[in-house]
Amino acid sequence: MTKERLVTKASTKQWFWMLTIITSLLLGFGIGQLPQFHGATAEAQEGDLPQLADDLDALKAEHKKIQAKWRTELLVQIVPTLADESNRVKHQYVDFLKEMGNSGTAALVAMLQDPSKRVREEAVEALGEIGEDERQAGRNYDAAAIGLAGALADASDDVFREAVSELGDVRPTSAESLAFVVPALIATQTKGSSSARDDVLDVLGQIGEDLSESGQSTDAIRDALIVGLNDDSSKVRTNAIAELSDIRAASTETFTALIGALVDDSKSVRNRAEDALIKLGRGHAGTITPLLADVLTDTQSANTRRRVVDVLGEIGEDLIKKGDSGEIVVKQLLIALQDTDADVRRNAADELGEMRAKSPDAITGLTQALNDNSKTVRSAAKKAIRRIEESK
């Protein structure tokens with residue numbers, strides 16, 4: 001036992017001495033050349049100094065690239081030699097790579113193939129820290145983000161969940177990293193527990209928000225979130241709607257999916273869908289109104305038609321506040337004022353009053369509703385006419 005411990009200890013020291021030597025050699029490689037260059041500069045004529053200074057800067061930049069490439073390659077080559085080492089040695093190497101920053105990323109990605117779940121999890125944590133640090137410093141962090149995307153396919157749920165969490169902190173936005181990260185997230189959005197699926201949608205939504213703010217396309221993320229509306233978990237479906245709203249995905253595809261969610265079995269999903277339609281529909285009346293109009297004539301659910309009237313009223317009110325006549329909405333609310341369900345008719349009258357719809361057609365429709373066979377509808381029509389008259 002004593003002999004084995006001594007061997008392990010000696011082996012550990014051997015690796016870290018080797019790493020130290022490698023790093024020292026790499027760091028010292030170009031530095032030793034600089035005195036020679038400075039000597040040559042000193043001998044040059046005064047008129048050549050600016051050009052020589054530029055040459056020196058170019059040499060330094062090229063040296064840095066070569067140095068970083070060599071360092072990265074050497075660190076990766078060490079990973080296979082750790083196969084027979086203890087997990088303790090591997091943990092120490094992961095910590096060392098984390099300290100190396102971007103140079104250690106490729107080696108950490110290689111360590112994602114380690115048989116030990118814990119080693120893989122620590123490698124993911126290190127990639128996340130490097131990615132976040134590089135992002136905050138304004139440097140390129142594609143390698144870390146792509147490495148984390150690869151970890152999403154890990155067989156261990158713990159490693160997978162850690163990769164999702166780290167991607168949420170790293171939040172890649174470059175075309176290079178998104179080409180890997182978004183498809184990898186989409187491929188796992190049905191994986192694991194409802195909590196894990198919820199986390200994946202969170203990360204997709206976070207990335208989508210960043211893309212939206214920078215004016216980039218969110219179509220791929222929008223489509224993935226729409227898929228989330230079919231999840232077995234009402235919590236996941238509710239979250240999918242929230243993320244669609246946050247990335248401001250105002251499109252025919254989004255509106256169609258959200259309108260479909262108005263008939264969801266879960267009240268929280270229906271409520272969130274209605275709120276999202278109102279939020280996204282404002283400013284997109286021309287796109288959403290025809291879709292809502294179809295529901296008024298096609299759906300069998302009176303509750304759904306009532307919710308559609310709510311959405312139409314909010315959109316119409318926004319239009320009128322902006323100086324628009326709101327006729328595109330008024331037309332549909334007048335159709336709802338003839339609905340077979342009294343609650344839908346009452347709701348339509350309320351919304352026309354809230355809008356302060358001043359068109360002659362609105363007044364005519366509400367006046368006719370004063371003779372409705374439902375007391376609540378007659379009362380709502382009377383109140384709506386009064387509001388419109390007062391607003392004039």
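Here are some questions and answers about helices and a nonpolar core in this structure.

This is a predicted model, where local features need pLDDT of at least 70, side-chain atom pairs count only at pLDDT 80 or more, and totals for chains, interfaces and linings use all residues. Residues are numbered from 1 along each chain as its sequence is written, and side-chain values use heavy atoms, with hydrogens and water left out.

Q: What makes H16 a helix, and how does its reach fit the expected span?
A: Helices are DSSP runs (H or I, at least four residues), numbered from the N terminus. H16 covers residues 302–321, so with 20 residues it passes that mark. The expected span is 1.5 Å times one less than the number of residues, which gives 28 Å here, and H16 reaches 29 Å from its first C-alpha to its last, close to that.

Q: Why is H16 called mostly covered?
A: Buried means under 20% relative accessible area (1.4 Å probe, protein chains only), and 14 of the 20 residues in H16 are buried.

Q: Why are H15 and H16 called roughly antiparallel?
A: Angles between N-to-C directions run from 0 to 180 degrees, and those over 145 count as roughly antiparallel. H15 (residues 285–298) packs against H16 at about 155°, with the axes 10 Å apart. That makes H15 roughly antiparallel to H16.

Q: How do you know which residues of H15 and H16 meet?
A: Contact means heavy atoms within 4.5 Å. Among the residues that meet are Ile-288 and Leu-292 in H15, and Val-308 and Leu-312 in H16.

Q: What does Leu-185 touch?
A: Leaving out residues up to four places away in sequence, Leu-185 touches Leu-152, Leu-167, Val-200, Val-203, Leu-204 and Ile-207.

Notes: Helix = DSSP H or I, 4+ residues; strand = E, 2+ residues; numbered from the N terminus. Buried < 20%, exposed > 50% of the residue type's maximum accessible area, 1.4 Å probe, protein only. Parallel < 35°, antiparallel > 145°, perpendicular 65-115°, else oblique.
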